[in-house]
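The following exercises are to be worked through with the sequence and the coordinates at hand. Each task is followed by a solution in steps.

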Amino acid sequence: VGAIGCIIGGAFGLISSVTLSGVFLGVATVFFGVSHLISLLVLLITALLMGGFSLLLGNGILQKKLVSHYYEYARKLGAAEFFSIQDFATRLGCSEKVLRKELRKMMKRGMLRARMDEQQTTVMLTDHAYQQYTEVEATRKAREKEEKQRIEKLDSADVSEDVRDILKEGNAYLKKVHEINDLIPDTEEMSRKLYRLEDIMNRIFERVEKQPQSAQNLRKFMTYYLPTTLKLLNAYVELDSQPHVGQNVSQTRSEIEDTMDTINDAFEKLLDSLFEDVAWDISSDISVMKTMMAQDGLTGHDAIKTETVQESTEE
């Protein structure tokens, strides 16, 4: 209704401006005669009036177009809380640039209550979707900051070049696993398994950073296990994105999900093996301490006898 009113008002204003200019010119001619000055003044006023009403008319036409497209978009989106501009532009058969510009106009005019992400690639239609986006964005920025600090720490670490390369490569694998996990909803069991994988991988490389000599135990882990794991995860994401899930897709996804438990258990055993030297040293220290305590009469029956003698002496 508002758009139609603007169009009608603009057309009426345009006609009125021409009529008013004609009357003004007629009156000026009767009383003052036609002069260049008055003619220019009349033309100027006419141009201003026509320009103003033309803007009003154009605005009405644009408003009508936006309203029409708004209802069209609403029908196509249905109950969606967010959408990709690229995907939606493909559905509409228009360019991303045109769609993005039109959406911004809708939001500016208060027709569309929505927000865009920083890259202007996704539109969030609800507060819930925007809250999820802000949480994910905060997590992403925190992770990027952490990765930057980790790389700086690696560059300044007092380790050999080979160990530094292993740590950098491991950090790259860890980043890719996290990016894949971001594509999987946290409500899915697969996401929980990937969080566990991230934690184990992170602890493995932290151990190598503290004990560089343990890097020699990661040769097969770096050259085969991690690349193969990443290949499986990329395949899982591709299968998960398929619109129609057949038996082969469903079965392959289930196999990858089950395999992740085996991978996590194996990586956890590898992590445990990296602490073998520590466990051996601690066991040796404990054994030596127990022997010395026994020799000094501070363990078992000897310790009890010692305490009894002390009590008797005090009495």
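The exercises below concern a predicted model and proceed from the whole chain to single residues.

**Exercise 1. The chain as a whole**

Task: State how many helices and strands the chain has, and in what order the elements run.

Solution.
Step 1. The secondary structure comes to 11 helices and three strands.
Step 2. Read from the N terminus, the order of the elements is α-α-β-α-α-β-β-α-α-α-α-α-α-α.
Step 3. Of the 315 residues, 27% count as buried.
Step 4. Among contacts between residues at least 6 apart in sequence, 61% join residues at least 24 apart.

**Exercise 2. The sheet**

Task: Determine the order of the strands in the sheet and the sense of their pairing.

Solution.
Step 1. The three strands form an open sheet in the order E1-E3-E2, and the pairing is antiparallel.
Step 2. Strand E1 (82-84) and strand E2 (115-116) are the edge strands, since each pairs on one side only.
Step 3. E2 pairs with strand E3 (residues 122-124) in the antiparallel sense over two bridges.
Step 4. Arg115 has Met124 in E3 as its bridge partner.
Step 5. The loop between E2 and E3 contains Gln120. The phi of Gln120 is near 55 degrees, a positive value in a residue other than glycine.
Step 6. With a relative accessible area of 30%, Gln120 is partly exposed.

**Exercise 3. Helix H3 against the sheet and against H4**

Task: Describe how helix H3 is placed relative to the strands, and classify its packing with helix H4.

Solution.
Step 1. Helix H3 (residues 85-92) lies across E1, E2 and E3 and runs at about 75 degrees to E1.
Step 2. The angle at which H3 packs with helix H4 (residues 96-108) is about 105 degrees, and the axes are 9 Å apart.
Step 3. Angles of 65 to 115 degrees count as roughly perpendicular; H3 and H4 therefore fall into this class.
Step 4. H3 contributes Ile85, Gln86, Phe88, Ala89 and Leu92 to the contact, while H4 contributes Glu96, Leu99, Arg100 and Leu103.
Step 5. By type, the residues of this contact comprise six nonpolar, one polar and two charged.

**Exercise 4. Two helices and their expected spans**

Task: For helices H6 and H9, compare the distance between the end C-alpha atoms with the span expected at 1.5 Å a residue.

Solution.
Step 1. Helix H6 (residues 161-182) has 22 residues and should span 32 Å; the end C-alpha atoms are 32 Å apart, which agrees.
Step 2. Helix H9 (residues 247-274) has 28 residues and reaches 41 Å from its first C-alpha to its last, close to the expected 40 Å.
Step 3. The buried residues of H6 include Arg164, Asn171, His178 and Asn181, along with Val163, Ile166 and Leu167.
Step 4. In H9, Val249, Arg253, Ile256, Met260 and Asn264 are among the buried residues.

**Exercise 5. Buried or exposed?**

Task: Assign Lys193, Arg253, Asp272 and Tyr133 to a class of accessibility, and set out the surroundings of each residue. The cut-offs are under 20% relative accessible area for buried and over 50% for exposed.

Solution.
Step 1. Lys193 lies in helix H7 (residues 189-210) and, at 7% relative accessibility, counts as buried. Beyond its neighbours within four places in sequence, Lys193 is in contact with Glu257, Asp258, Met260, Asp261 and Asn264.
Step 2. Arg253 belongs to helix H9. The relative accessibility of Arg253 is 18%, so this residue counts as buried. With neighbours within four places in sequence left aside, Arg253 is in contact with Tyr236, Leu239 and Asp240.
Step 3. Asp272 is also found in helix H9, but at 56% relative accessibility Asp272 counts as exposed. The C-alpha atoms of Asp272 and Ile204 are separated by 9.0 Å, with these positions 68 residues apart along the chain counted as their separation.
Step 4. Tyr133 is placed in helix H5 (residues 127-156) and is buried, with a relative accessible area of 17%. Leaving aside neighbours within four places in sequence, Tyr133 is in contact with Asp117, Glu118 and Met124. The C-alpha atoms of Tyr133 and Asp117 are separated by 7.9 Å, and the two residues are 16 residues apart along the chain.

Key
Residues are numbered from 1 along each chain as its sequence is written. This is a predicted model: local features need pLDDT of at least 70, side-chain atom pairs count only at pLDDT 80 or more; totals for chains, interfaces and linings use all residues. Side-chain values use heavy atoms; hydrogens and water are left out. Helices (H or I, at least four residues) and strands (E, at least two) are DSSP runs, numbered from the N terminus. Buried means under 20% relative accessible area, exposed over 50%, partly exposed in between (1.4 Å probe, protein chains only). Contact means heavy atoms within 4.5 Å. The expected span of a helix is 1.5 Å times one less than its number of residues. Two strands pair if DSSP finds at least two bridges between them. Axes are lines fitted to C-alpha atoms, for helices over the stretch in contact, and angles run from 0 to 180 degrees between N-to-C directions. Angles under 35 degrees count as roughly parallel, over 145 as roughly antiparallel, 65 to 115 as roughly perpendicular and the rest as oblique. Ala, Val, Leu, Ile, Met, Phe, Trp, Tyr, Cys and Pro count as nonpolar, Asp, Glu, Lys and Arg as charged, and the others, Gly among them, as polar.
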